[in-house]
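Here is a set of questions and answers on how the terms used for this model are justified. Each answer sets a computed value against the rule that applies to it.

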Amino acid sequence: MIACLRLFTALCLAALLAACASSPSSSLGELPRTPDASIEQLLEQATKSKDPEKAALLRLSAADLAYRQGNAGQSAQILQQVPVEQLKPGQQVFASTLAAELAMTRNQPKAALTALSHPSLQRLSELPVEQQVRTGTVHARALEADGQTLAAARERIFIAPMLEGEAASKNHEAIWTLIASLPTDQLQPTTDDDLGGWIRLALAVKTAGTLEQQQAAIDTWREQNPKHPAAIQLPLPLTKLKELASQPLSKIALLLPQDGPLGTVGKALREGFMAAHYQAQQAGQKPPAIEFYDSSRLTSLDEFYRKAQADGVQLVVGPLEKPLVKQLSARPQLPITTLALNYSEGEQGPAQLFQFGLAAEDEAREVSRRARADGLHRAAIMVPKGEWGDRVLRAFSQDWQANGGSIVATERVDQPVQLAQQIADMFQLRQSEGRAKSLQSTVGSQVAAQPSRRQDIEFIFLAATPQQAQQIKPTLNFQYAGDVPVYATSHVFSASGDQNQYNDMNGIRFCETPWLLDANDPLRKQVTAQWPQAGGSLGRLYAMGVDAYRLAPRLGQLKALPDSRIQGQSGSLGMTQNQRVERQLPWAEFTNGQVQRLPDTSR
């Protein structure tokens with residue numbers, strides 16, 4: 001009897017609250033409805049209205065209508081005329097949500113998050129579901145744009161039960177995209193709720209190696225979490241992984257030049273590729289068959305693809321030649337999925353084209369990342385004159401400045417005789433010497449003054465050959481700048497073992513392929529025993545060949561799982577949205593004529 005009475009009381013209370021929430025006289029205030037009138041009519045009604053609350057509501061409706069019609073500027077202008085602090089809490093939530101949406105149209109996530117920190121948002125759960133969804137959606141978007149990935153996922157998980165149909169599906173996929181983009185070390189499942197389940201799923205998929213292992217991990221997770229939203233509806237990328245696992249790769253075409261100016265490069269790539277193939281065989285795997293094609297004798301790409309299709313090829317690795325890659329990237333589609341071993345200049349190519357190479361731009365961005373991780377903010381740049389130097393300079397500058405760094409000086413290195421003058425100019429030493437001479441002439445006697453360099457350069461980004469670096473570092477020492485850290489691309493490292501050369505570059509830090517920094521790697525030892533040149537600077541191409549083989553069956557995997565990585569011999573490999581493989585590299589330093597590996601920093 002008491003239980004029935006409690007239930008009846010609760011139902012009455014719920015009905016009363018519902019009536020209050022929908023009533024204009026509610027303490028939350030009436031929310032704007034989709035109006036029949038135009039923006040101009042609403043504003044005119046607001047001007048004529050003698051009721052301040054009604055006028056504010058009409059302007060709020062007009063601002064919302066302008067936003068929905070795609071006129072963010074007009075919407076913001078109208079919203080500024082609304083006295084938000086005089087509104088009731090529900091209306092304040094509506095206004096704050098609209099302000100956040102407008103901030104996101106200007107790509108200002110921090111401003112959106114500030115708008116959503118209004119005290120009225122504490123009563124969001126009392127508002128209609130439509131408003132909760134709208135506020136939650138913009139909150140999730142702002143958190144994601146601000147780099148707060150986990151918080152964005154949490155917000156989307158919260159609104160998920162309120163959604164239906166296409167909106168529910170889109171939100172479901174967005175949750176997976178957010179969770180899957182988190183690095184493995186941030187996937188810490190601490191709860192057993194939906195968020196914990198999502199994190200465990202991402203962890204299971206990312207820590208499994210092959211497609212088959214990933215598939216088994218997904219199946220196991222689904223058995224353990226049958227009622228989780230992702231078990232009921234597997235996210236699309238994971239469904240694609242399932243399809244990939246059911247289509248094993250049985251034949252690869254290796255399209256490389258055997259003659260001509262790129263013959264040596266093609267040979268190194270081919271030998272690295274086949275070394276990885278034989279290693280897979282020795283490990284008891286069933287690797288795909290490899291069919292060789294000579295790109296230096298290629299007359300027509302269409303003819304090549306026809307022949308490859310007739311030969312039963314499922315994946316093409318190559319070509320290496322930039323003009324051929326450019327041709328492929330300009331096509332609307334390709335008949336066979338292709339991993340080109342170079343990069344085209346354009347952005348997105350056809351869906352079947354992936355691109356991989358030893359891009360100097362990757363290394364420039366790696367220097368930017370490492371310098372940031374080391375707490376540096378102000379850079380000077382030294383790159384060679386010419387198109388290559390311009391590309392490296394552009395890649396570094398864009399990444400460095402986009403992440404809050406500043407560039408205080410830039411020098412383009414050319415003739416060795418100009419080096420001393422260029423470094424002196426960069427550090428403004430001549431001005432310092434001039435001041436010393438001026439002081440000397442004023443006092444009329446000899447002044448003991450050591451030129452002082454500018455102090456705002458925290459480090460130098462250097463892209464140069466070993467020969468240039470050999471001159472640059474001693475010149476820095478001579479020009480009173482020996483204490484300025486130098487961060488370089490791998491181009492400073494000849495891998496020659498020449499101690500005298502390394503001594504001239506003491507203190508220079510540089511990024512390099514794992515292949516050249518780990519002489520004890522079993523595959524490298526095997527390869528260098530057969531091809532000694534693989535231990536020198538050509539080793540980078542052998543490493544790339546090895547990685548091309550390892551990437552081949554996992555292209556779909558990298559595409560389906562944003563931010564997942566393969567630890568390769570040419571670097572840690574990930575894929576961009578436009579299907580380019582990007583490398584992150586380990587670091588070393590020249591110390592007393594030796595190459596010393598540096599500890600990794602968190603990414």
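Q: How many of the residues of the protein chain count as buried, and what makes a residue buried?
A: In this predicted model, 48% of the 603 residues of the protein chain count as buried, a word that applies to a relative accessible area under 20%. The secondary structure of the chain comes to 26 helices and 15 strands, and among contacts between residues at least 6 apart in sequence, 63% join residues at least 24 apart.

Q: Why is Arg 370 called buried, and what is the term for Asp 374?
A: Arg 370 has a relative accessible area of 4% and is therefore buried, the limit being under 20%. Asp 374, at 29% relative accessibility, counts as partly exposed, because this value lies between the limits of 20% and 50%.

Q: What makes the pair of Arg 370 and Asp 374 a salt bridge?
A: The closest N and O atoms of Arg 370 and Asp 374 are 3.5 Å apart, and a salt bridge requires a side-chain nitrogen of Lys or Arg within 4 Å of a carboxyl oxygen of Asp or Glu, so the pair qualifies. By this rule the count comes to 28 salt bridges, and Asp 64, Arg 68, Glu 101 and Arg 134 are linked in a network of them.

Q: How do you know that Arg 524 has no salt bridge?
A: The nearest side chain of opposite charge, that of Asp 518, is 7.3 Å away, whereas a salt bridge needs the atoms within 4 Å, so the buried Arg 524 is left without one. Arg 524 is found in helix 24, residues 522–530, and its contacts, leaving aside neighbours within four places in sequence, are Trp 515, Leu 516, Asp 518, Ala 519 and Gly 535.

Q: Why is Glu 345 called exposed, and which residue does Glu 345 form a salt bridge with?
A: Glu 345 has a relative accessible area of 58% and is therefore exposed, the term applying to values over 50%. Glu 345 forms a salt bridge with Lys 322, with the closest N and O atoms 3.5 Å apart. This pair links distant parts of the chain, 23 residues apart, with Lys 322 in helix 16 and Glu 345 in the loop between strand 4 and strand 5. Lys 322 has a relative accessible area of 35% and so is partly exposed.

Q: What makes the residues of the contact of helix 4 with helix 5 nonpolar, polar or charged?
A: Ala 72, Ser 75, Ala 76 and Leu 79 in helix 4 meet Ala 95, Leu 98, Ala 99, Leu 102 and Thr 105 in helix 5. They divide into 7 nonpolar, 2 polar and no charged, because Ala and Leu count as nonpolar, whereas residues outside the nonpolar and charged groups count as polar. The two helices pack at an angle of about 145 degrees, with their axes 10 Å apart, and helix 4 passes helix 5 in a left-handed crossing.

Q: Why are a positive phi and a cis peptide bond worth noting?
A: Most residues other than glycine have a negative phi, and most peptide bonds are trans, so departures from either are noted. Asn 107, which is not a glycine, has a positive phi of about 60 degrees and lies in the loop between helix 5 and helix 6. Ala 495 likewise has a positive phi, of about 55 degrees. A cis peptide bond joins Gly 318 and Pro 319, with omega about 0 degrees.

Technical notes
Residues numbered from 1 in each chain as written. Predicted model: local features only at pLDDT ≥ 70, side-chain atom pairs only at ≥ 80, totals over all residues. Heavy atoms only, no water. Helix = DSSP H or I, 4+ residues; strand = E, 2+ residues; numbered from the N terminus. Buried < 20%, exposed > 50% of the residue type's maximum accessible area, 1.4 Å probe, protein only. Lys, Arg positive; Asp, Glu negative; His and termini not counted. Contact = heavy atoms within 4.5 Å. Axes fitted to C-alpha atoms, helices over the stretch in contact; angles between N-to-C directions. Left-handed = near helix turned anticlockwise from the far one by under 90°.
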